[in-house]
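Trainee: I have a structure open and I don't know where to start. Can we go through it together?
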Amino acid sequence: MTKITAAVAGASGYAGGEVLRLLLSHPDIEIGALTANSSAGTALGAHHPHLLPLADRILQPTTNETLAGHDVVFLGLPHGQSGAVAAELGDDVLVIDCGADFRLTSAADWTEFYGGEHAGTWPYGLPELMVGPGQQRDVLRGVKRIAVPGCNVTAITLGIQPAVAAGLVESTDLVAVLANGFSGAGKAAKTHLMAAEGLGAASAYGVGGTHRHVPEIMQNLQAAGADEVSISFTPTLVPMARGILATTTARIVDGVDLAAVRAVYDTVYADEPFIHMLPEGQWPTTAATLGANSAQIQLAIDARAKRLVVVSAIDNLVKGTAGGAIQSMNLALGLDETTGLSTIGTAP
């Protein structure tokens with residue numbers, strides 16, 4: 001069988017590096033051009049020394065000429081930069097954007113939360129997203145453009161969508177608090193991302209409905225069946241390199257008990273290869289998902305507060321970004337969805 005060639009733009013960043021790590025284990029992929037902007041001309045090993053098979057590869061400039069001729073192109077570029085690059089690639093190339101440029105359906109939401117002109121909307125790369133009576137994976141089969149979700153969005157959506165879709169909770173009363181690893185903020189040299197500032201500290205950001213993932217979360221839950229969505233979402237940086245632990249709560253509908261909620265979740269996720277409902281009494285941990293394209297979920301009902309509590313854990317760089325991108329790629333190319341992806345973590 002002829003190998004599928006894949007190029008990675010933005011290969012020096014965390015998302016690009018994680019795409020490469022996973023592609024190295026994909027039996028059907030041959031890795032082609034690796035590109036960067038400011039890092040062009042340097043060896044990949046200077047940025048990702050753990051990627052030994054590719055360490056001597058030299059990063060090339062991100063140009064149409066460099067990316068042309070590949071079957072698949074992954075874009076791991078800063079927000080707002082993918083649109084121009086994608087516009088130069090042919091319709092016969094599968095382009096997968098790991099940034100935010102094509103996630104939102106609303107141009108007004110893009111302008112409000114990101115600024116600038118909206119580049120458009122691509123098929124959304126979350127195969128497990130509930131869309132009416134079906135799933136997003138059905139939309140992804142055979143497409144040539146894919147927009148990978150935000151990592152926080154993936155953790156929250158997978159955690160709460162079965163309850164929202166089944167009408168077990170009030171979708172206008174959602175609260176999500178997340179513990180996030182520092183890799184989610186990218187490689188930019190910023191003071192608050194320095195070890196001296198972050199080690200031994202936890203700090204909230206994007207507080208008060210200002211985080212860019214808010215409209216994307218609302219978009220997903222409306223796709224899952226909610227007429228209206230209101231969510232208070234607060235991410236928190238904690239001193240770990242990667243991982244997201246999301247605690248999402250919602251007011252339960254009268255008469256709903258934990259057994260009913262659990263039955264819905266068990267049914268919805270019964271055949272999902274990367275989503276794992278944990279046994280009762282066992283709670284998700286980010287450590288168990290590190291390096292794996294998996295999501296762990298557990299449920300409880302706070303009877304006094306009359307709220308469903310859903311705890312979900314993912315690796316923000318795998319299921320939250322690169323793993324989700326490759327999972328979606330597999331569907332688009334007609335491959336088995338699980339090819340090249342593992343649910344085995346690296347803990348401790």
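Trainee: Which residues have the most contacts inside the largest nonpolar core?
Mentor: This is a predicted model, so keep that in mind throughout. The residues with the most contacts inside that core are Ile 156, Ile 160, Val 169, Phe 233, Tyr 265, Ile 297 and Leu 308. The core has 44 residues.

Trainee: Which helix gives the most to this core?
Mentor: H6 does, with eight residues.

Trainee: And what does Tyr 265 contact, leaving aside its neighbours within four places in sequence?
Mentor: Some of its contacts carry numbers in the range of H6, residues 151-165: Gly 159, Ile 160, Pro 162 and Ala 163. Tyr 265 is also in contact with Met 277, Ile 297, Leu 299, Leu 308 and Val 310.

Trainee: What lies apart from that core?
Mentor: Another core, of 35 residues. Leu 20, Ile 31, Leu 140 and Leu 341 are among them.

Trainee: Back to H6. How many of its residues are buried?
Mentor: 14 of the 15, so H6 is largely enclosed by the rest of the structure. As a general point, nonpolar side chains in soluble globular proteins tend to be buried together.

Trainee: Where does H6 bend?
Mentor: At Gly 159, by about 35°. A proline, Pro 162, follows within four residues.

Trainee: What span should H6 have, at 1.5 Å a residue?
Mentor: The 15 residues should span 21 Å. The C-alpha atoms at the two ends are 21 Å apart, which agrees.

Trainee: What comes just after H6?
Mentor: Gly 167, which takes a positive phi of about 70°.

Trainee: New topic. How many aromatic pairs does the structure hold?
Mentor: Three. One of them is Phe 102 with Trp 122, a stacked pair at 3.7 Å centre to centre, with 5° between the planes.

Trainee: What does that pair tie together?
Mentor: Parts that are 20 residues apart in sequence, because Phe 102 lies in the loop between strand E5 and helix H4, while Trp 122 lies in the loop between H4 and strand E6.

Trainee: Is Phe 102 buried or exposed?
Mentor: Buried, with a relative accessible area of 4%. Trp 122 is buried too, at 13%; the cut-off for buried is under 20%.

Trainee: Which other pair is stacked?
Mentor: Trp 110 and Tyr 114, at 4.2 Å centre to centre and 10° between the planes. Trp 110 is buried, with a relative accessible area of 4%, and Tyr 114 counts as buried at 14%.

Notes
Residues are numbered from 1 along each chain as its sequence is written. This is a predicted model: local features need pLDDT of at least 70, side-chain atom pairs count only at pLDDT 80 or more; totals for chains, interfaces and linings use all residues. Side-chain values use heavy atoms; hydrogens and water are left out. The expected span of a helix is 1.5 Å times one less than its number of residues. The bend at a residue is the angle between axes fitted to the seven residues ending there and the seven starting there. Buried means under 20% relative accessible area, exposed over 50%, partly exposed in between (1.4 Å probe, protein chains only). A nonpolar core is a set of buried Ala, Val, Leu, Ile, Met, Phe, Trp, Tyr and Cys residues joined through side-chain atoms within 4.5 Å. Contact means heavy atoms within 4.5 Å. Rings of Phe, Tyr and Trp (its six-membered ring) pair if their centres lie within 6.5 Å; planes under 30 degrees apart count as stacked, over 60 as edge-to-face and the rest as tilted.
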